[in-house]
Amino acid sequence: MKDRLVDWLYALGWAVVKHLPERAARALFMRIADKVWRGRGKGVLQLEANLRRVHPEADEARLRELSRAGMRSYMRYWMESFRLPTWSLQRIADAMPVKGLEQLDEAMSAGRGAVLALPHMGNWDLAGAWIASAGGYPFTTVAERLKPESLFDRFVAYREGLGMEVLALTGSDVSVIGTLARRLRQGKLVCLLGDRDLSAAGQQVDFFGEPTRMPAGPAALALRTGAALFPVTLWYDGPVMRAEIHPEIVPPAEGEQRERTAAMVQALADVWAQGIREHAEDWHMLQKLWLADLGTDRAAQAGEGARS
C-alpha cells in the first residue's frame with residue numbers, strides 16, 4: 001500500500017505540477033520547503049549534521065540558515081524536475097550557463113569518450129537535459145532501482161525523455177559496468193553521480209576531514225577505457241543554475257590499478273568538497289554519508305581499508 005501511494009504521489013506531481021503557472025509552482029514548493037524545515041524531521045536534522053562537517057566554523061544560527069536554504073534548493077530541484085518535460089529546448093539551453101565546456105568538447109572530438117562525475121548538487125536532471133540537448137551529447141547513466149517497480153519505470157521514462165540512456169544499477173541481466181565501458185570505448189559520454197556509495201563496497205576517501213566511501217566506478221571506468229574523467233559541480237544562481245566542468249582528473253602514471261583508482265576517487269572528492277563548501281545550500285545530502293554516522297560496521301570497514 002505504501003509503495004502504491006508513493007508511486008501515485010509521484011505520478012500526481014508529474015501530471016499536475018507541470019501545468020501550474022510557474023510563479024504558483026515556485027511559491028507552492030517554497031512553502032513545502034519551509035514547512036518541512038520547521039518540522040525538524042530526520043532529513044532536515046541529517047542535512048544539518050552534514051552541513052556541520054562542511055562548515056565547522058558555523059554557529060547554530062548559521063547552520064539553521066543553511067539548512068533552510070538547503071531545503072528550498074532541494075524543493076526547487078523537485079519543482080523543476082516535475083516541470084522539465086514541458087520546457088522547450090531553448091528554455092533548457094538558457095537555464096544553465098556552463099564553464100569549462102571546451103574541455104569536454106576536446107575530449108569528445110578526439111574520440112576518447114568522457115565521464116562526467118557529479119555530486120548531488122543543484123539539479124542533475126536539468127544538467128543532463130542540457131548536456132543531451134544544448135550540449136549535443138546524448139549520454140548513458142545509471143539509476144538506483146526504486147520500489148515499487150512502477151515508480152522506477154516512471155523515473156526511467158522521464159529521464160529517457162530528456163535524452164538519457166538509463167541503466168538499472170541492480171536487478172538486470174545486463175552488465176552495467178560492461179555497457180558503460182563499451183559506450184566509452186565508442187567515444188560516447190557517461191554521466192554518473194558519485195558522492196554517495198550505494199553498494200557498501202566503495203573506495204574510502206577523506207571528505208571534509210573525515211572518512212567515507214564513494215563509488216569507484218567513474219574513476220575505474222576512465223582508467224579502464226582511457227576516457228577523460230571530469231568532475232562537475234552545480235549550483236543555483238538566481239533564475240539559472242550554473243555548472244562548472246573542472247579540469248580532467250589525470251590517472252597517476254605509476255602504481256597498481258587499485259592505487260591509481262583510489263587516487264582518482266580522492267581527487268574527485270577534493271574537487272567536490274571545494275564546490276560544496278562554496279555552495280553548501282545546493283548540496284542535497286539528506287542521508288547519512290560519513291562512516292561515523294553509518295554505524296560501527298562501516299567504521300570498522302574504514303579501519304580495515306586504511307590498513308590494507
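**Helix α10, a nonpolar patch and two positive phi angles**

The buried residues of α10 pack against β2 (114–118), α9 (176–185), β5 (189–193), β8 (228–237) and α11 (257–278). The model described here is predicted, and the points below take up helix α10, a surface patch that involves helix α2, and two loop residues with a positive phi.

**Helix α10 and the residue after it**
- Helix α10 covers residues 217–225, and its buried residues are Pro218, Ala219, Leu221, Ala222, Leu223 and Thr225.
- Gly226 follows α10, and the phi of this glycine is positive, near 80°.

**Surface patch**
- Leu28, Ile32 and Val36 together make a nonpolar surface patch of about 190 Å².
- Val36, one of the residues of this patch, lies in helix α2, which spans residues 22–39.
- With a relative accessible area of 38%, Val36 is partly exposed, because partly exposed residues are those between the limits of 20% and 50%.

**Positive phi outside glycine**
- Most residues other than glycine have a negative phi.
- Arg40, which is not a glycine, nevertheless has a positive phi of about 55°, and this residue is placed in the loop between α2 and α3 (42–54).
- Arg40 has a relative accessibility of 31% and therefore counts as partly exposed.
- Phe208 also has a positive phi of about 55° although it is not a glycine, and Phe208 is found in the loop between β6 (203–207) and β7 (210–214).
- Phe208 counts as buried because its relative accessibility is 14%, and buried means under 20%.

Methods. Residues numbered from 1 in each chain as written. Predicted model: local features only at pLDDT ≥ 70, side-chain atom pairs only at ≥ 80, totals over all residues. Heavy atoms only, no water. Buried < 20%, exposed > 50% of the residue type's maximum accessible area, 1.4 Å probe, protein only. Helix = DSSP H or I, 4+ residues; strand = E, 2+ residues; numbered from the N terminus. Contact = heavy atoms within 4.5 Å. Patch = residues over 30% accessible without salt bridge, like charges linked within 9 Å, V, L, I, M, F, W, Y side chains within 5 Å. Areas by Shrake-Rupley, 256 points an atom, 1.4 Å probe, with all protein chains shown as cover. Salt bridge = Lys/Arg side-chain N within 4 Å of Asp/Glu carboxyl O.
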